[in-house]
Amino acid sequence: MEKPLSLHDIRINYSLKELTVEAVSQDPFQQFETWMQEALTAKVEEPTAMTLSTASAQGKPSARVVLLKALEKDGFVFYTNYESRKGHQLLENPYAALTFFWPALERQVRVEGQIERVTAAVSDAYFHSRPRGSQIGAWSSPQSQPIPDRTVLETLEKEYTAKFNELDMVPRPEYWGGYLLRPERVEFWQGRQNRLHDRLLYELDGNGNWHIQRLAP
């Protein structure tokens, strides 16, 4: 019988690309856009998936994967239920971190900053761009709340489908909408050989200017 592979035996020697201060954009948003477009071109799985890390008022962390839905001039936008666990934590502690990982490109991006809700108009516009089934789903899920079984969700979905059946446009729930993370730190990570990875950190100063420095891996 083949011996099971131990976790400490799993190793990948990264060697696809390099990352230098001279080659990157001076604007982290432009650099992120470049990397995102390369991820899309390479058809990596779930290129917009990102780990969203939040913390309670007591500093207890929590993380989950969500999808990036817009890159604005001020930051990164995603949508969720405001009454979810992450919604409560962001209300208590309006700071968060995002992590993108594209293993096919041996790349990672880390984003940290303050977070705020987008306007109701922006949330409305995005909500109504979603498939109708997803709109009904937003009404049907008391996100992060305990439920006895899946039939609760299925029943609520049927009820809301019937409720909005005569409406051309499903209204957006007040408890559902978008968040904008305004970055203060953005780090680009490129895998390199022998674990000597490239790490470039963009950091925002008090005057609104970005400064780039290389970090040791």
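In the predicted model, helices H4 and H5 are oblique to each other, because their packing angle of about 120 degrees belongs to none of the classes roughly parallel, roughly antiparallel or roughly perpendicular, the last of which covers 65 to 115 degrees. H4 comprises residues 132-140 and H5 residues 151-163, and the axes of the two helices lie 9 Å apart. The crossing that they form is right-handed. On the side of H4, the residues in contact are Ile136, Trp139 and Ser140; on the side of H5, they are Leu153, Leu156, Glu157, Tyr160 and Thr161. Sorted by class, the residues of this contact are five nonpolar, two polar and one charged.

These two helices belong to a chain with five helices and nine strands. Read from the N terminus, the order of the elements is α-β-β-β-β-α-β-β-α-α-α-β-β-β. The chain has 217 residues, of which 37% are buried. Its C-alpha atoms occupy a box of roughly 65 × 60 × 40 Å along the principal axes. Among contacts in the chain with a separation of 6 or more, 65% join residues that are 24 or more positions apart.

In soluble globular proteins, nonpolar side chains tend to be buried together. In the present model, the largest nonpolar core has 30 residues, and the members that touch the most others are Phe32, Phe100, Trp102 and Val109. At least two residues of this core come from each of the following elements: helix H1 (28-41) and strands S1 (49-55), S4 (76-81), S5 (95-102), S6 (107-117), S7 (176-190) and S8 (198-204). The element that gives the most is H1, with five residues.

The surroundings of Val109 were examined with residues up to four places away in sequence left out. Under that condition, valine 109 touches Phe32, Trp35, Leu98, Thr99, Phe100, Trp102, Val186, Glu187 and Phe188. Apart from the largest core lies another core, of 14 residues, which includes Tyr79, Phe127, Val170 and Leu180.

Helix H1 also holds glutamine 37. This residue has a relative accessible area of 38% and is therefore partly exposed, since that class lies between the limits of 20% for buried and 50% for exposed residues. Glutamine 37 and alanine 70 are 33 residues apart along the chain, and their C-alpha atoms are separated by 13 Å.

Two loop residues have a positive phi although neither is a glycine. Glutamate 106, with a phi of about 55 degrees, is located in the loop between S5 and S6. Its relative accessible area is 10%, so glutamate 106 is buried. Asparagine 194, with a phi of about 60 degrees, is located in the loop between S7 and S8. Asparagine 194 counts as exposed because its relative accessibility is 59%, whereas the cut-off for that class is over 50%.

Conventions. Residues numbered from 1 in each chain as written. Predicted model: local features only at pLDDT ≥ 70, side-chain atom pairs only at ≥ 80, totals over all residues. Heavy atoms only, no water. Axes fitted to C-alpha atoms, helices over the stretch in contact; angles between N-to-C directions. Helix = DSSP H or I, 4+ residues; strand = E, 2+ residues; numbered from the N terminus. Left-handed = near helix turned anticlockwise from the far one by under 90°. Contact = heavy atoms within 4.5 Å. Nonpolar A, V, L, I, M, F, W, Y, C, P; charged D, E, K, R; others polar. Core = buried A, V, L, I, M, F, W, Y, C linked by side-chain atoms within 4.5 Å. Buried < 20%, exposed > 50% of the residue type's maximum accessible area, 1.4 Å probe, protein only.
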